[in-house]
Amino acid sequence: MAANAEVLKARSPRYPRISLLTAVGYANQLYRGVHRNSVDSDTAYRVMGFSGKNGASATALGALRQFGLVAGLRGKLKVSDLALRIFEPSDRSEYLEAIQEAAKLPDIFADIHAHFPDGVPPSDDPVRSFLIRTRNFSRSGADDCINSLRASFLELEHENGGNSSLSTGATSVAGPVSPSLIQTIESPEVQKATLELQSSSPSEFVRIPLTKDCTAELRFSGPISDQAVIRLLKYIELMKDVWAE
């Protein structure tokens, strides 16, 4: 029975499990390491900073493929022409066009935009319903996909001076906050850190001891609002599994 349950357990379709610019960062490491030479996937993992094939490295490489940043298979994997337009653009306009093109390439993102032609709703509910009912997503997979989509929106907005060609149909693309994130935000430690950050001056550098062996360093430019802190926490939640690897 347990074996049958494992076989029958629903698996969500493919979607980028990291955000657009995080994927661009990994692709840039590959480009700096091997330029446009073809390499096998194990070499690509190491050049991108991983020890080899594992959940995080497979997630990263899968996202690079879906955003169109690498081309080829196995021993012939290389940085794509689209990625080259991002890393070596003739001007700022070409760079923006290239990252916007990359953002539209994942099939599931294209499906979401086609289903919501007037803009992705600010609420996650209709998007989640679409993914679960018509694209066979699990609920957790749908939520992860939505988080990746919205994080990519935020990055495009930042790169494009506050505007994104991928309309969300909302004044804020952050979307609703997940229950697990609400619990994190409401914890005394995070509330204290939020108050300290909001009292900081623009262009503030913050060093945060996480464990005895790990310290995070953040640099903030501009006013640190409630919305900015929530978006930062959403991004951390999206990336936690990759960083943990």
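A salt bridge, as the term is used here, is a side-chain nitrogen of Lys or Arg within 4 Å of a carboxyl oxygen of Asp or Glu. In this predicted model, a search of the whole structure turns up 7 salt bridges. Some of these pairs are described below, after a look at the overall fold and its core.

The chain has 245 residues, and 40% of them count as buried. Its secondary structure consists of 12 helices and 4 strands. Among contacts with a separation of 6 or more, 58% are made by residues 24 or more positions apart. The surface that the chain exposes comes to about 13,800 Å², of which carbon and sulfur atoms supply 51%.

A good place to start exploring is the interior. The largest nonpolar core is made up of 50 residues, and Leu-69, Ile-112 and Leu-131 are those with the most contacts inside it. At least two residues of this core come from each of the helices H2 (20–34), H3 (41–47), H4 (55–66), H5 (81–87), H6 (92–104), H7 (107–115), H8 (124–134) and H9 (139–159). The greatest contribution to the core is that of H2, with 8 residues. For Leu-69, the partners beyond four places away in sequence are Ala-23, Val-24, Ala-27, Leu-64, Lys-78, Val-79, Ser-80, Ala-83 and Ile-86.

Helix H2 deserves a closer view. Its buried residues are Leu-20, Thr-22, Ala-23, Val-24, Tyr-26, Ala-27, Leu-30, Tyr-31 and Val-34. The length of this helix can be checked with simple arithmetic: at 1.5 Å a residue, the 15 residues of H2 should span 21 Å, and the C-alpha atoms at its ends are indeed 21 Å apart, so the two values agree. After H2 comes His-35, which has a positive phi, near 55°.

The salt bridges come next. In general, side chains of opposite charge can pair when their charged atoms come close. One such pair is Asp-124 and Arg-150, whose side chains meet with an N to O distance of 2.8 Å. Because Asp-124 lies in helix H8 and Arg-150 in helix H9, this pair ties together parts that are 26 residues apart in sequence. Both Asp-124 and Arg-150 are buried.

Helix H8 also holds a pair of its own. The side chains of Asp-125 and Arg-128 form a salt bridge with an N to O distance of 2.9 Å, and both residues lie in H8, 3 residues apart, about one turn of the helix. Arg-128 has a relative accessibility of 11%, and therefore counts as buried, the cut-off being under 20%. A further salt bridge joins Arg-128 to Asp-143, with the closest N and O atoms 2.7 Å apart. This second pair links distant parts of the chain, with Arg-128 in helix H8 and Asp-143 in helix H9, 15 residues apart. Asp-143 is partly exposed, its relative accessible area being 24%. Taken together, Asp-125, Arg-128 and Asp-143 are linked in a network of salt bridges.

Two further residues in helices show where polar or charged side chains can be found in this model. Gln-66 belongs to helix H4 and, at 12% relative accessibility, counts as buried. Apart from neighbours within four places in sequence, Gln-66 is in contact with Arg-14, Tyr-15, Pro-16, Leu-105 and Pro-106. Glu-159 is found in helix H9 and is likewise buried, with a relative accessible area of 17%. When neighbours within four places in sequence are left aside, the contacts of Glu-159 are Leu-21, Arg-92, Tyr-95, Leu-96 and Ile-99.

The last stop is a loop. Phe-116 sits in the loop between H7 and H8, and is buried, with a relative accessible area of 12%. Beyond neighbours within four places in sequence, Phe-116 is in contact with Pro-121, Pro-126, Val-127 and Phe-130. Phe-116 and Phe-130 are 14 residues apart along the chain, and their C-alpha atoms are separated by 9.9 Å.

Conventions
Residues numbered from 1 in each chain as written. Predicted model: local features only at pLDDT ≥ 70, side-chain atom pairs only at ≥ 80, totals over all residues. Heavy atoms only, no water. Core = buried A, V, L, I, M, F, W, Y, C linked by side-chain atoms within 4.5 Å. Buried < 20%, exposed > 50% of the residue type's maximum accessible area, 1.4 Å probe, protein only. Contact = heavy atoms within 4.5 Å. Areas by Shrake-Rupley, 256 points an atom, 1.4 Å probe, with all protein chains shown as cover. Expected span 1.5 Å × (residues − 1).
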